[in-house]
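User: Please take a close look at the salt bridges in this model, and set them against the elements that carry them. I would like one connected account rather than a list.

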Amino acid sequence: MGNRLSKIATRTGDNGTTGLGDGSRTDKDSLRIHAIGDVDELNSNLGLLLSEAMPDDLRDELVGIQHDLFDLGGELCIPGYQMIKEEHVEKLDALLAKYNATLPALTEFILPAGSRAAAIAHVCRTVCRRAERSIVTLGKAEALHEHPRQYVNRLSDLMFVLARVLNRFAGGSDVLWQHERKSKKG
């Protein structure tokens, strides 16, 4: 990469466009840029999650996912290019199986709450769902490979599971939705 990022303020986007990885330019509010931005926001939230206490193996796995998300952004940045493949999706499937096996079955809905790390994992999950919607929308307008969509779908599921794991790591448990609670009127 050398000096590729030596100048951050290029002013080339002052007219409302941005450059893609293939050298073309597109509007900053295009479907492609929305998808790239949502993936970037997800990656940033994962960075925030990584500032929290967690098991070392989970930390390493999340750092790997951050690298995958950077690759996903690269794939979205270059129309027709492919970086996320079936093995990336399979890696998430394996992590889902690994962490799900440590958790009790859910009998109620849970709230996105608990420890700070679990709450951040839930934020990651919801941002991931938005990224998935953006990728689906982009895929309706332009040709995309199927694996990015599958990857973010699995990742949002994994973030739900990891929120539960992180609550237990912090010494807590799931925060159950109390569907029959009485509302306080006053």
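Analyst: A salt bridge is taken here as a side-chain nitrogen of Lys or Arg within 4 Å of a carboxyl oxygen of Asp or Glu. With that cut-off, the structure, which is a predicted model, holds 12 salt bridges.

To place these pairs, it helps to begin with the chain itself. The chain has 186 residues, of which buried residues make up 37%, and it contains 5 helices and 2 strands. Read from the N terminus, the elements follow the order β-β-α-α-α-α-α.

Among the salt bridges, the one between R32 and E142 is a useful starting point, since its side chains meet at 2.6 Å, taken from N to O. R32 belongs to helix α1 (residues 31-49), whereas E142 sits in the loop between α4 and α5, so this contact ties together parts of the chain that are 110 residues apart in sequence. The two partners can also be described by their accessibility: R32 has a relative accessibility of 4% and therefore counts as buried, the limit being under 20%, while E142 is partly exposed, with a relative accessible area of 35%.

A second pair, R129 and E132, has its closest N and O atoms 3.0 Å apart. Here both residues lie in helix α4, with a spacing of 3 residues, or about one turn of the helix. R129 counts as partly exposed at 28% relative accessibility, and E132 is buried, with a relative accessible area of 13%.

A third pair joins R164 and D174, whose side chains meet in a salt bridge with an N to O distance of 2.8 Å. This pair links distant parts of the chain, with R164 in helix α5 and D174 in the segment after α5, and the two are 10 residues apart. Both ends are covered: R164 is buried, with a relative accessible area of 4%, and D174 is buried as well, with a relative accessible area of 14%. Beyond such pairs, D38, E41 and R130 are joined into one network by salt bridges that share partners.

The helices that carry these residues can now be described by how they pack. Helix α4 (residues 116-141), which holds R129 and E132, has an axis that comes within 8 Å of the axis of α5, and the two cross at roughly 170°. That angle makes α4 roughly antiparallel to α5, because angles over 145 degrees are counted in that class. The crossing in which α4 passes α5 is left-handed.

Helix α1, the element of R32, packs against α2, their axes coming within 9 Å and crossing at roughly 165°. α1 is thus roughly antiparallel to α2, and the crossing of these two helices is left-handed. On the other side of the sequence from α1, α2 is also paired with helix α3 (residues 86-100), at an angle of about 155° and with the axes 12 Å apart. These two helices are therefore roughly antiparallel to each other, and α2 passes α3 in a left-handed crossing.

Helix α2 (residues 56-77) also contains L62, which offers a nonpolar point of reference beside the charged pairs. L62 is buried, with a relative accessible area of 1%. Its C-alpha atom is separated by 7.6 Å from that of L50, a residue 12 positions away along the chain.

The segment after α5, where D174 is found, carries a nonpolar feature too, and this one is at the surface. W177 is found in that segment, after α5 (147-169), and is partly exposed, with a relative accessible area of 36%. Together with F109 and L111, W177 forms a nonpolar patch on the surface, the accessible area of the patch being about 320 Å².

Returning to the request, the pairs examined here fall into distinct settings. R32 and E142 bring together helix α1 and the loop between α4 and α5, R129 and E132 lie within helix α4, and R164 and D174 connect helix α5 with the segment after α5.

Key. Residues are numbered from 1 along each chain as its sequence is written. This is a predicted model: local features need pLDDT of at least 70, side-chain atom pairs count only at pLDDT 80 or more; totals for chains, interfaces and linings use all residues. Side-chain values use heavy atoms; hydrogens and water are left out. Patches are made of residues with over 30% relative accessible area and no salt bridge: like charges are joined within 9 Å, nonpolar side chains (Val, Leu, Ile, Met, Phe, Trp, Tyr) within 5 Å. Accessible areas come from the Shrake-Rupley method with a 1.4 Å probe; for residues, only the protein chains shown count as cover. Helices (H or I, at least four residues) and strands (E, at least two) are DSSP runs, numbered from the N terminus. Buried means under 20% relative accessible area, exposed over 50%, partly exposed in between (1.4 Å probe, protein chains only). Axes are lines fitted to C-alpha atoms, for helices over the stretch in contact, and angles run from 0 to 180 degrees between N-to-C directions. Angles under 35 degrees count as roughly parallel, over 145 as roughly antiparallel, 65 to 115 as roughly perpendicular and the rest as oblique. A crossing is left-handed if the near helix is turned anticlockwise from the far one by less than a right angle, and right-handed if clockwise.
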